[in-house]
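Here is a friendly walk through a model of two protein chains and two DNA strands. Please have a look at the picture first, and then read on for the details.

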There are 2 protein chains.
Amino acid sequence: MSSMKRSEVLKIIGQNIKRIRLEKGFTQVDLVGKIETRIDTTNISRIEKGRTNATIHTLYKISQALEVPLSEICDVYFSERV
Amino acid sequence: MSSMKRSEVLKIIGQNIKRIRLEKGFTQVDLVGKIETRIDTTNISRIEKGRTNATIHTLYKISQALEVPLSEICDVYFSERV
DNA sequence: TTCATATTTGTCAAATATGTCAAGTATGAA
DNA sequence: TTCATACTTGACATATTTGACAAATATGAA
C-alpha cells in the first residue's frame, strides 16, 4: 500500500464526489439545497477540483446530500494501488 | 439514511481509528513513527476523542499508518442507521 | 509505593478550511 | 447572436485544524 501525495488524495476524493453527483443527476446547487447546515457551491467546487483539504464533517454533509455512505466518497484505496 | 450531528460523526471516526489501532497493537507513538509527514500524538488523541474535525488528508495519513483503507476509518454508514 | 510508558489536555502560533460575495468562464438553448 | 444555467476562481474575514511543547493524568509493572 503505497502512499499518495496530498494533492493526489484530494484529487481522487474530488473526482469521487463529482462522479457520484453526475451519476445521480445533481447539480452543485442541488446539493446545497439538500444540505441542512450551510455549505455553498464555492466550497463544493473547490473540493471537487481537489483545491481544498476538506474536513471530514464537510465530506459527511456532502455524502448525505449525495445519498451515499461517506466511505464511498473516501474510497481512494484501489486508486492508490495503481 | 438519517443525518448525524457533527459531534456524532467525529466520535465514530475517532472510535474507528482507536479500535483499529488497538486491534493492530499500535500505540499512538507507533503511529507517529510510521507516518512520513509530520503528525503528533496531540492531534491523534484529539481525533480519537472526537474533539477535532480532522481534514481528509490527516485521516489519510493515519489510515496509511494503520495499514487500512481510508474508507474503513470513514465508515459511519451503518452506525448512522442505528 | 516508584517507575516507565501511554494518553490526554492546555496553550500558542501558523496554516488553512469555510462562508460570502463578486467576477469570470463554459455550455447549450432559443 | 443573446440568454440562462452551471461551474470556477479570486479576495476577504472568520473559525478551526494542525504542529509544537509542556504539564497533567492514567495504566501497569516491579
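By class, the surface near DNA strand C holds four nonpolar, twelve polar and five charged residues. Here Ala, Val, Leu, Ile, Met, Phe, Trp, Tyr, Cys and Pro count as nonpolar, Asp, Glu, Lys and Arg as charged, and the others, Gly among them, as polar. This is a predicted model, in which local features need pLDDT of at least 70, side-chain atom pairs count only at pLDDT 80 or more, and totals for chains, interfaces and linings use all residues. Residues are numbered from 1 along each chain as its sequence is written, while chains are lettered from A and ligands numbered from 1 in the order in which they are written.

**The DNA strands**

Which residues are the closest to DNA strand C? They are A:Thr42, A:Asn53, A:Thr58, B:Thr27 and B:Gln28, out of 21 residues that surround this strand. A residue is near a molecule or strand if its C-beta atom, placed from the backbone, lies within 6 Å of it. Both chains take part: α3 (41–48) of chain A, α2 (28–34) of chain B and α3 (41–48) of chain B each supply at least two residues of the surface near DNA strand C. Helices are DSSP runs (H or I, at least four residues), as are strands (E, at least two), and the numbering starts from the N terminus.

DNA strand D is surrounded by 22 residues, with A:Thr27, A:Gln28, A:Ser45, B:Asn53 and B:Thr58 the closest. For this strand, α2 (28–34) and α3 of chain A, together with α3 of chain B, each supply at least two residues of the nearby surface. The table puts the two surfaces side by side.

| DNA strand | Residues around it | Helix that gives the most | Classes |
|---|---|---|---|
| C | 21 residues | α3(B), five residues | four nonpolar, twelve polar, five charged residues |
| D | 22 residues | α3(A), five residues | four nonpolar, twelve polar, six charged residues |

**Chain A as a fold**

Chain A has six helices and zero strands, and from the N terminus on its elements run α-α-α-α-α-α. The radius of gyration of chain A, taken over C-alpha atoms, is 12 Å, close to the 12 Å that the globule rule (2.2 Å times the number of residues to the power 0.38) gives for 82 residues, so chain A is as compact as a globular protein of that length. Along its principal axes, the C-alpha trace of chain A spans about 40 × 20 × 20 Å.

Buried residues make up 35% of the 82 residues in chain A. A residue is buried if 20 or more other C-beta atoms lie within 10 Å of its own, exposed if 12 or fewer, and partly exposed in between, with C-beta atoms placed from the backbone. Among the contacts in chain A with a separation of 6 or more, 63% join residues 24 or more positions apart. Two residues are in contact if their C-beta atoms, placed from the backbone, lie within 7 Å.

**Where the chains meet**

How many residues does each chain bring to the contact? Chain A gives 23 residues and chain B gives 23 residues. On the side of chain A that touches chain B, the elements giving two or more residues are α1, α4 and α5 (70–73) of chain A. Of these, α4(A) gives the most, with five residues. The residues of this side divide into 13 nonpolar, six polar and four charged.

Chain A can be laid on chain B with an RMSD of 0.0 Å by a turn of 180 degrees and a shift of 0.0 Å along the axis. That is the relation of a two-fold axis. Copies are superposed by least squares on the C-alpha atoms of residues with pLDDT of at least 70 in both. The same surface serves both copies, as 100% of the contact residues of chain A recur in chain B.

**A closer look at chain B**

Helix α4 (residues 56–66) of chain B is mostly covered, with ten of its eleven residues buried. Among them are B:Ile56, B:Leu59, B:Tyr60, B:Ile62 and B:Leu66. The cover over these buried residues includes α1 (6–23) and α4 (56–66) of chain A, along with α1 (6–23), α2, α3 and α5 (70–73) of chain B. Just after α4(B), B:Glu67 takes a positive phi of about 60 degrees.

B:Gly50 lies in the loop between α3 and α4 of chain B. Is B:Gly50 buried or exposed? B:Gly50 is buried, because 20 other C-beta atoms lie within 10 Å. Leaving aside neighbours within four places in sequence, B:Gly50 is in contact with B:Ser7, B:Leu10, B:Lys11 and B:Gly14. The C-alpha atoms of B:Gly50 and B:Ile12, 38 residues apart along the chain, are separated by 7.6 Å.
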